[in-house]
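The following exercises are to be worked with the sequence and the coordinates at hand. Each task is followed by a solution in steps.

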Amino acid sequence: MVLTFIYVDLPFWRAEIGRIALHLGKVDFVDRRISRDEFLEAKETGRLRDGTIIPFRQIPCLVVDGQSIAQTGGISRICGKLAGLYPTDMVAAALVDQVIDMATDITVLLGPANAEQDDAKKKQMRLDLAAGPLPRKIGFLEEQLGRNTGDWFVGDSLTIADIAAWRLFGWLTSGTIDHLPTDLLAPFPKLRKLCRQVNNDPGVIDWVHRTYPKGYAPGNF
């Protein structure tokens, strides 16, 4: 099986779930990092410059033996299965899926502010998010994490759900998003503990060392 993972050269959670899962599972793959210009071209044409199809004109994209696959959930499940980080039990698998879907819901909340061109309005929109909608959604994940008897979202070991949460909250609390407080996770001890566990995983440490920008801050956990 030949795998090529396509994304830009950023450690955004939507791509990192699959890339880190494959790395942890010691699954060989081509980590293809395209330029912003090539991505913008693909949004117009539906293909990369070499002809690789980009379904829905979105990245990340995973190419499996020549077949292009889009969307975070589908890609993450394939990578998780290959790496042994996705449950075989149907209900347990759904419990993993719902965490990834909630990560998408939280990301979508930031969309309008990210698109706002007026700096003053952008600042207020992000402050408003941090004061209500974001903590509310994050609190739902804290509740769900507390329903498992272990330290992980599902079962007693790391799954792609935990990778998704770690990288999502690493992004949100890194200080790279203007006007979003870095102590966003302060009220959520279970999530902070989970993020620290993922952050301290030797395989994750190795991946961060190899691929993340110099001076990268993992987040405020």
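Contact means heavy atoms within 4.5 Å. The model is predicted.

**Exercise 1. Determine which residues of helix α6 are buried, and against which helices they pack.**

Step 1. Begin with the length of α6, which covers residues 119–131. Its 13 residues should span 18 Å at 1.5 Å a residue, and the end C-alpha atoms are 18 Å apart, which agrees.

Step 2. Next, select the residues with under 20% relative accessible area. In α6 the buried residues are Lys 122, Arg 126, Leu 129 and Ala 130.

Step 3. Look down the axis of α6: the buried residues fall within an arc of 95°, so they line one face of the helix. A general rule is helpful here: an α-helix has 3.6 residues a turn, so residues three or four places apart point the same way.

Step 4. Turn to the other side of α6, where Ala 120, Lys 121 and Ala 131 are exposed.

Step 5. Finally, apply the contact criterion. The buried residues of α6 pack against α4 (90–109), α5 (111–115) and α7.

**Exercise 2. Describe how helices α7 and α9 pack, and classify the residues of their contact.**

Step 1. Two packed helices are described by the angle between their axes and the distance between the axes. For α7 (residues 133–146) and α9 (residues 189–199), the angle is about 75° and the axes are 8 Å apart.

Step 2. Angles of 65 to 115 degrees count as roughly perpendicular, and α7 is therefore roughly perpendicular to α9.

Step 3. List the residues that make the contact. From α7 come Ile 138, Leu 141, Glu 142, Leu 145 and Gly 146, and from α9 come Pro 189, Lys 190, Leu 191 and Leu 194.

Step 4. Sort these residues by class. The contact of α7 with α9 contains 6 nonpolar, 1 polar and 2 charged residues.

**Exercise 3. Establish how far helix α1 is covered, and how α1 packs with α4.**

Step 1. Check the length: the 12 residues of α1 should span 16 Å at 1.5 Å a residue, and the end C-alpha atoms are 16 Å apart, which agrees.

Step 2. Count the buried residues. In α1, 11 of the 12 residues are buried, and the helix is mostly covered. Among them are Trp 13, Arg 14, Glu 16, Arg 19 and His 23.

Step 3. Identify the cover. The elements over the buried residues of α1 include β1 (3–8), β2 (30–34), α3 (72–83), α4, α8 and α10 (202–211).

Step 4. Consider α4 in particular. Helix α1 (residues 13–24) and α4 pack at an angle of about 155°, and their axes are 11 Å apart. Angles over 145 degrees count as roughly antiparallel, so α1 is roughly antiparallel to α4.

Step 5. Resolve the contact into residues. Trp 13, Arg 14 and Ile 17 of α1 meet Ile 100, Ala 103, Thr 104 and Thr 107 of α4. By class, 4 are nonpolar, 2 polar and 1 charged.

Step 6. Examine Trp 13, a residue of α1. Trp 13 counts as buried because its relative accessibility is 0%. Apart from residues up to four places away in sequence, Trp 13 touches Thr 72, Ala 164, Arg 167, Leu 168 and Trp 171, among others. The C-alpha atoms of Trp 13 and Ala 103 are separated by 8.9 Å, although these residues are 90 apart along the chain.

**Exercise 4. State which backbone angles depart from the general pattern in the loops, and where the residues lie.**

Step 1. Recall that most residues other than glycine have a negative phi, and most peptide bonds are trans.

Step 2. Inspect the loop between α2 (36–45) and β3 (61–64), where Pro 60 lies. A cis peptide bond with omega of about 10° joins Ile 59 and Pro 60. Phe 56 lies in the loop between α2 and β3 and has a positive phi near 60°. Phe 56 is exposed, with a relative accessible area of 60%.

Step 3. Move to the loop between α8 and α9, which holds His 179. The phi of His 179 is positive, about 75°, and this residue is partly exposed at a relative accessible area of 34%.

Step 4. Lastly, Lys 26 follows α1 and has a positive phi near 55°.

Methods
Residues are numbered from 1 along each chain as its sequence is written. This is a predicted model: local features need pLDDT of at least 70, side-chain atom pairs count only at pLDDT 80 or more; totals for chains, interfaces and linings use all residues. Side-chain values use heavy atoms; hydrogens and water are left out. Axes are lines fitted to C-alpha atoms, for helices over the stretch in contact, and angles run from 0 to 180 degrees between N-to-C directions. Helices (H or I, at least four residues) and strands (E, at least two) are DSSP runs, numbered from the N terminus. Angles under 35 degrees count as roughly parallel, over 145 as roughly antiparallel, 65 to 115 as roughly perpendicular and the rest as oblique. Ala, Val, Leu, Ile, Met, Phe, Trp, Tyr, Cys and Pro count as nonpolar, Asp, Glu, Lys and Arg as charged, and the others, Gly among them, as polar. The expected span of a helix is 1.5 Å times one less than its number of residues. Buried means under 20% relative accessible area, exposed over 50%, partly exposed in between (1.4 Å probe, protein chains only). The arc is that of the directions from the helix axis to the C-beta atoms.
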